[in-house]
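Student: I would like to go through this entry with you and ask, point by point, what justifies each term applied to it.

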Amino acid sequence: MLFLQTLWEGIVNGSIYAMIAMGIALVWGVMGILSFSQGEFMMLGMFITFYANTYLGLDPVVCVPIVGLLMFGFGCIVYRTIIAKALRGPRLSQRLITFAIGMVLTYGALMLFGGQYRTVQNLAFTGSIDLVGLTISRQKLVPLISSCSKHNNGHLGILTNLTAHFPPI
């Protein structure tokens, strides 16, 4: 059973990494710039979600579209003021400017919010499901389902990819 639990946790963590990788690939494919500040923008969105949960009592799942719009606006501002100018320069300056943006966001957040660990207290999805000795946290189902639905243009990408590689019997 420990093997199944470890496998399940690996699939969930892998789905989160897949969503992050899809974001990086999207920025690279659409804008043609490799962003080294992708994680820092994600961190900023997580801080906004944390404080919306702490002070406004909003569930993180409810905050996703709100924070998405806020981060979209912030990303547009950063693009117009900093990245658009760097795109006219050599590729090295493009890479370095996104790295510098990441450093500013990282250390700015460290100065503003401190370095303490934080957890979200009020969640809509709590508890777990016991399935033949496998404990499935309801909180971890949210990123897994979100990742599967975002992959492959809204289809369940994992199932689509598995069936695409194996012909029917």
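Student: How do the residues of the lining of the largest pocket divide into nonpolar, polar and charged?

Tutor: In this predicted model, the lining of the largest pocket divides into 31 nonpolar residues, 13 polar ones and five charged ones. Gly counts as polar in this scheme, so Gly45, one of the residues closest to the centre of that pocket, falls in the polar class.

Student: What makes a residue part of the lining of the largest pocket, and which lie closest to its centre?

Tutor: A lining residue must have an atom within 4 Å of a point of the pocket, and 49 residues line this one, the closest to its centre being Phe41, Met42, Gly45, Met46 and Val67. The space in the pocket comes to about 2,400 Å³. Helices H1 (2-31), H2 (38-56), H3 (60-86) and H5 (138-150) each give two or more residues to the lining, and H3 gives the most, with 13.

Student: Why is the set that includes Val27, Phe41 and Cys63 called a nonpolar core?

Tutor: The name requires buried residues of the listed nonpolar kinds, joined through side-chain atoms within 4.5 Å; the largest such set has twelve members, among them Val27, Phe41, Cys63, Val67 and Leu105, and therefore each of these is under 20% relative accessible area. The elements giving two or more residues to this core are H2, H3 and H4 (91-113), with H3 giving the most, five. Apart from it lies another core, of six residues, including Val12, Ile136, Leu144 and Cys148.

How values were computed:
Residues numbered from 1 in each chain as written. Predicted model: local features only at pLDDT ≥ 70, side-chain atom pairs only at ≥ 80, totals over all residues. Heavy atoms only, no water. 1 Å grid on protein atoms, 1.4 Å probe; cavity = no way out; pocket = protein on both sides within 12 Å on 5 of 7 lines; lining within 4 Å. Points joined across faces, edges and corners; volume = space filled by probe spheres on them. Helix = DSSP H or I, 4+ residues; strand = E, 2+ residues; numbered from the N terminus. Buried < 20%, exposed > 50% of the residue type's maximum accessible area, 1.4 Å probe, protein only.
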